[in-house]
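Reader: Please take a close look at the charged side chains and cysteines of this structure. I would like one connected account.

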Amino acid sequence: MAVLTEEQNLLRDAAKSFATERAPTTALRALRDGEGWKTGYSPLLYKDMVEMGWAGVIIPEAYGGSEFGLFGLGLVLEELGRTLAASPLHSTALAAASALILAGDEGQKSKWLPKIASGEITATLAVDEAAHHDPAQVALKATAQGDGFVLHGKKRFIPDAASADLIVVLVRTAGRVGDETGLTLVLVEKGAAGLKPTPLHAIDTRGFADLEFDGVTVNGDAVLGVPGEAFAVLMQVLDRARVGLAAEMLGAASQAFDITLDYLKTRTQFGQLIGSFQALQHRAAKMFTALELTRSCVEAALTALDQGAADASQLATLAKAKANETAHLISSEMVQMHGGIGMTDAHDAGLYMKRARVTEALYGGTRYLRDRYARLGGY
Amino acid sequence: MADFGGDIDTFRTETRAWLEANCPASMRTPMTADETPWGGRRFQWKNPDAKLWLERMAERGWTAPTWPQAYGGGGLSAQQARVLEQELNRIKARPALFSFGVWMLGPVLLEYATEEQKREHLPKIVRGEIRWCQGYSEPGAGSDLAALQTRCEDQGDHYVINGQKVWTSYADQADWIFCLVRTDTTRKHEGISFILFDMTTAGVEARPIKLISGESPFCETFFTNVKVPKSQLVGKLNGGWEIAKRLLQFERQNISAGGFGGAAGLEVEEAALAHVGAMEGKIADPDLRARIAAHKMDAKAFALTVRRVEAEAKAGKGLGPAASIVKYAAATLNQDKQELMLEAMGLDGLGWAGDGFDPRAIRETRAWLRSKGNSIEGGTSEINLNVVAKRVLGLLDHQ
Ligand SMILES: Cc1cc2nc3c(=O)[nH]c(=O)nc-3n(C[C@H](O)[C@H](O)[C@H](O)COP(=O)(O)OP(=O)(O)OC[C@H]3O[C@@H](n4cnc5c(N)ncnc54)[C@H](O)[C@@H]3O)c2cc1C
């Protein structure tokens, strides 16, 4: 754990109590067992998160936020990740907010950021269209019309998209699929004519939706930045989204590890605690090693992004890649080390593993991130 | 030496200027394994600049920057030592001295030795005058180190040592040995003492052992009626186990901080681009490229962890749990690197000697073989994992 300032400590402690008291895994189960998967979170719970100030952590003070920095939001996401708290905080207050902060003009920022900080709206970022994350592959066609565009196409598996009031959409205004040029970010509001969201019932019952754009029109004032040149800023937005998600995954993996370690210290077989078997001890020690390495990466990446360091993109890519590997390892071992009980729906192991696989794929799976890291390294 | 007072910026400026003026140009180039500056009575300096660099650094005590000046050290605070390290890295300076004395023995002498012993040994370590070796392992005592049998008997005014050590790194080139001996055969851990003696004493014999890498960096070491003055016992009689363990902590910390070096600073991705080839600027083999990227990320994660451990220690939190995984992670990482290097070099990496192979490739191949020892030396990876499981995670011993 990095050395925290007093304010950061307070923020983390508040998030910890909130997560354990207000959003334990039983809350996620309640959501799942009802019709909750259609929105993917409890609006009341999100309202309380907003009250805590978390929707405005990275938003500049001028737009109603606290400008506390990404590191602060990372601490909150990590604690919420521990209990698998379901909320649109990441999609709204990190992914979409970063797009507005980094790519928006004054009018767009002053229109939308205060509403995000105050919880008046939720928002999300819609990039992917196929089974694997790869922004350059975006095909969603935007044809120029007046000072804006008309959109035709689809988006796939977008976090919290069915309920989002505002969607930052990556579209192709020029070039061919696979080109990094010709991409543009536009804002589409909920209920826009021609926009059809279909909620998805995913393994992790949080809110995901497919989106269909059938002649959705966007005006010039809803275009973020220069048309056709969104790729570079999108990479910065995705760096932030990835690190935030990595923080959440670090929290989930840490909790999955703690629960497993506890079981190793309580379950008896052959007249011994199973944690005395060396085969399990060594795997536990390796999981601990993976967690510590991942923590170093996540903390370094959050800090680098806050400071605008030159290697921020490398570190962000690294943090998500390590979080992917570690969440994958620990969530699988959690099932195995619990034996039969780990296979039951009543046990939380399954919840941690399902959440892990979903977060591993979002904003870049391990293969994509390795490729990106290699590119950034010039090989 | 100059008193820098409390101002760290002044210290940095003055250090930078001193290094610029005193670090010879040839000491700012990458160092190969055979250029390692070990020092000691028998050391042959191939490059006079290396000797000069050691002398200049030793004069300021900067080969042991945080040791007290009274024993020849630099007397620097942890913060100043960090600045010195940063400034050395900035100009890519080679280490002035490689020394088991600095890394392992000195720190325990500072904690356990008498004033007389400190004044006798520490300054010589700082100046690189005496090269030390480590007499711990024996044929029957490796991971279970406390099973050691080398006998040390009290003969009135001196001790007499009989027995055998093994895997003693550089015993044939070292001047002195710090050695674990049995002074009580009725108790295991409480029958061990920590003693120092000169390797030229009659009855000491070191026989080099050849490794799979073709080198002979370590020896079987035999002791036959070796007479050692009583004043050379460190700490209490039968109190050596505590010192032995403390020294192992320093050893592992040192391995951790530096990681394990490769052969000559060749990067895996460079090797892959050179031997596999490039397509559109990328390593042509996508599978190897992905695994290299994964490895490079592990390497970065490791470096960030070492830095975090230091930052936490400095903030007064002591050595946190992350510190315990560092030796294990360092060993795994270097072995992965050397395996990838070998794979990337393909047939070009399978040379042992001769003109048919690039000497740089041969060095990497030797380094690959040597790296297999990383998970054995200084405590095996299995033992490291046992320690993490028990001490850090609180898991119990099997009954
Ligand atoms: C390059 C190199 C340099 C060295 N330099 C020195 C030196 O300068 N001085 C010195 O004194 N020694 C030195 N050593 C020796 C080193 O410390 C020992 O080799 C090491 O402690 C292991 O002991 P061993 O070789 O007897 O193996 P063993 O202890 O016999 O181990 C054999 C295997 O059994 C495993 N094992 C043993 N116990 C357990 C357990 N409880 N749980 C699970 N697995 C277990 C080990 O991990 C290993 O895989 C060096 C070794 C190397 C490779």
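Author: A disulfide is taken here as a pair of cysteine sulfur atoms within 2.5 Å. By that rule there are zero disulfides over all chains of this model, which is a predicted one. Cys219(B) illustrates the result: the nearest cysteine sulfur belongs to Cys133(B) and is 8.0 Å away. Cys219(B) is therefore in no disulfide, because the two sulfur atoms would have to lie within 2.5 Å. Cys219(B) is also buried, at 0% relative accessibility. Cys23(B) counts as buried too, with a value of 4%.

Next come the salt bridges. Side chains of opposite charge can pair when their charged atoms come close. Over all chains, the structure holds 55 salt bridges. One of them pairs Lys322(A) with Asp298(B), with 2.4 Å between the closest N and O atoms. This pair crosses between chains: Lys322(A) belongs to helix 9 of chain A, residues 312-338, and Asp298(B) to helix 8 of chain B, residues 286-317. Lys322(A) is buried because its relative accessible area of 7% falls under 20%. Asp298(B), at 22%, is partly exposed.

Within chain B, Arg16(B) forms a salt bridge with Glu87(B), and here the closest N and O atoms are 2.8 Å apart. Arg16(B) lies in helix 1 (residues 8-22) and Glu87(B) in helix 3 (residues 78-90) of chain B, so the salt bridge ties together parts that are 71 residues apart in sequence. The two ends differ in cover: Arg16(B) is partly exposed at 32% relative accessibility, whereas Glu87(B) is buried at 2%.

Another salt bridge in chain B joins the side chains of Asp154(B) and Lys230(B), at 2.8 Å from N to O. Asp154(B) sits in strand 2 (residues 151-154), and Lys230(B) in the loop between strand 7 (218-229) and strand 8 (233-234), so that this pair links distant parts of the chain, 76 residues apart. Asp154(B) is partly exposed, with 48% relative accessibility. Lys230(B) is partly exposed as well, with 30%. Elsewhere, salt bridges that share partners make one network of Arg12(B), Arg16(B), Glu20(B), Arg28(B), Glu87(B) and Arg90(B). The pair Arg16(B) and Glu87(B), described above, is thus among the members of that network.

Some charged residues gather without a salt bridge. On the surface, Asp105(A), Glu106(A), Asp147(A) and Asp221(A) form a patch of negative charge. Asp147(A) is placed in the loop between strand 2 (141-145) and strand 3 (148-159) of chain A. Asp147(A) is exposed, because its relative accessible area of 60% is over 50%.

Chain A also has a charged residue with a backbone feature to note. Glu67(A) is not a glycine, yet has a positive phi of about 50°. Its place is the loop between helix 3 (43-51) and helix 4 (70-82) of chain A, and at 48% relative accessibility Glu67(A) counts as partly exposed. Leu84(A), likewise not a glycine, has a positive phi of about 60°. Leu84(A) is found in the loop between helix 4 and helix 5 (89-103) of chain A. With a relative accessible area of 3%, Leu84(A) is buried.

Terms used: Residues are numbered from 1 along each chain as its sequence is written. Chains are lettered from A and ligands numbered from 1 in the order in which they are written. This is a predicted model: local features need pLDDT of at least 70, side-chain atom pairs count only at pLDDT 80 or more; totals for chains, interfaces and linings use all residues. Side-chain values use heavy atoms; hydrogens and water are left out. Patches are made of residues with over 30% relative accessible area and no salt bridge: like charges are joined within 9 Å, nonpolar side chains (Val, Leu, Ile, Met, Phe, Trp, Tyr) within 5 Å. Accessible areas come from the Shrake-Rupley method with a 1.4 Å probe; for residues, only the protein chains shown count as cover. A salt bridge is a side-chain nitrogen of Lys or Arg within 4 Å of a carboxyl oxygen of Asp or Glu. Lys and Arg count as positive and Asp and Glu as negative; His and the chain ends are not counted. The place of a charge is taken as NZ of Lys, CZ of Arg, CG of Asp or CD of Glu. Helices (H or I, at least four residues) and strands (E, at least two) are DSSP runs, numbered from the N terminus. Buried means under 20% relative accessible area, exposed over 50%, partly exposed in between (1.4 Å probe, protein chains only).
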